[in-house]
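Welcome! Here is a short tour of one protein model, from its interior to its pocket.

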Amino acid sequence: MGYNVTINRQGLSALFDLKGKKGAMSDHAGGILPVFPDQHNTYTQSAGSTLFHIGRNHWILRGDISAEDTLISTLKPDQAPSDVSIVQVSDTLTFFSVVGADAAQVMSIACPLDLHSSVFGADAVTYTEVFGLKALVLRQEGGFEFAVEQSFGDLIQDYLDRAIA
Amino acid sequence: MLRITCPYCGSRNESEFLFGGPVGTERPDPNTTSDADWIEYLTVKPNPLGPVQERWWHARGCGEWLTIWRDTRTHDIVEAPNDTE
Ligand SMILES: [Zn+2]
């Protein structure tokens with residue numbers, strides 16, 4: 001059975017793991033971050049950067065890989081105060097986009113979480129499981145994106161190929 | 001499969017969580033407690049027939065630790081018994 005879906009393994013993103021209280025994070029890096037998401041497990045975007053609120057006092061900032069050096073020089077991980085942690089993690093995750101009319105069906109093979117738009121809305125992001133692996137799943141225009149540990153990238157590509165074959 | 005409610009993420013599959021063990025008794029002061037009570041504290045874990053308080057880690061989720069009551073007779077997650085907090 002064929003699915004009307006386009007799956008692409010993305011190139012590297014600039015990724016930063018941000019931990020600390022929102023106020024402290026805002027004081028240190030608020031100037032260059034998108035507005036902090038109000039809700040748990042949602043994201044905000046501005047100027048090419050996306051801020052995922054993925055846990056208590058925990059965010060992931062994603063930008064274009066070409067902006068990585070700029071982000072490092074403005075986030076200043078080495079100058080962060082002791083109650084703020086900023087770690088560059090660009091190499092750790094590989095993202096897949098799953099878009100098209102059947103994107104939700106393909107995701108439902110991979111992921112047990114209810115990803116219906118009434119539950120998992122336009123700005124939703126969360127850690128959950130994809131093919132049994134810890135994965136960051138988010139909704140994007142026309143479908144979904146998800147990220148797994150970089151080392152599982154080939155395996156997940158293979159699973160996806162089999163799922164839609 | 002259990003459905004466990006994370007205070008941060010809502011209801012999720014048990015497979016996203018790791019079991020953190022039963023909530024034990026409060027740590028006694030080793031300088032004032034008897035050897036027998038100290039060994040009891042270190043080695044004997046709660047294993048009741050009925051509600052037991054447990055710690056779970058949302059490891060494949062937001063990373064939060066949470067505490068629930070589970071009834072060992074039914075495997076259901078239940079309200080805390082009346083005489084507990
Ligand atoms: Zn959670």
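## The largest nonpolar core

In this predicted model, the largest nonpolar core has 23 residues, and Val98(A), Leu115(A) and Phe146(A) touch the most other members. At least two residues of this core come from each of these elements of chain A: strand 7 (93-99), helix 3 (103-110), strand 9, strand 10 and helix 4 (153-164). Helix 3 of chain A gives the most, with four residues. In soluble globular proteins, nonpolar side chains tend to be buried together.

Take a closer look at Val98(A). Leaving aside residues up to four places away in sequence, Val98(A) touches Val5(A), Thr6(A), Ile7(A), Ala103(A), Val106(A), Met107(A), Gly142(A), Gly143(A), Phe144(A) and Phe146(A).

## Another core

Apart from the largest nonpolar core, there is another core of 15 residues. Leu33(A), Leu71(A), Val84(A) and Ile86(A) are among them.

## The largest pocket

Now for the pocket. The largest pocket has a volume of about 360 Å³ and a lining of 19 residues. Nearest its centre lie Thr92(A), Leu93(A), Tyr127(A), Lys134(A) and Glu149(A). Sorted by class, the lining has twelve nonpolar, four polar and three charged residues.

Strand 5 (58-64), strand 9 (133-140) and strand 10 (143-149) of chain A each supply at least two lining residues. Where does the largest pocket lie with respect to domain 1 and domain 2 of chain A? It lies between them, because domain 1 (6-10 + 92-163) and domain 2 (13-91) of chain A both give residues to its lining.

How values were computed. Residues numbered from 1 in each chain as written. Chains lettered and ligands numbered in written order. Predicted model: local features only at pLDDT ≥ 70, side-chain atom pairs only at ≥ 80, totals over all residues. Heavy atoms only, no water. 1 Å grid on protein atoms, 1.4 Å probe; cavity = no way out; pocket = protein on both sides within 12 Å on 5 of 7 lines; lining within 4 Å. Points joined across faces, edges and corners; volume = space filled by probe spheres on them. Nonpolar A, V, L, I, M, F, W, Y, C, P; charged D, E, K, R; others polar. Domains from an automatic or database assignment. Core = buried A, V, L, I, M, F, W, Y, C linked by side-chain atoms within 4.5 Å. Buried < 20%, exposed > 50% of the residue type's maximum accessible area, 1.4 Å probe, protein only. Contact = heavy atoms within 4.5 Å.
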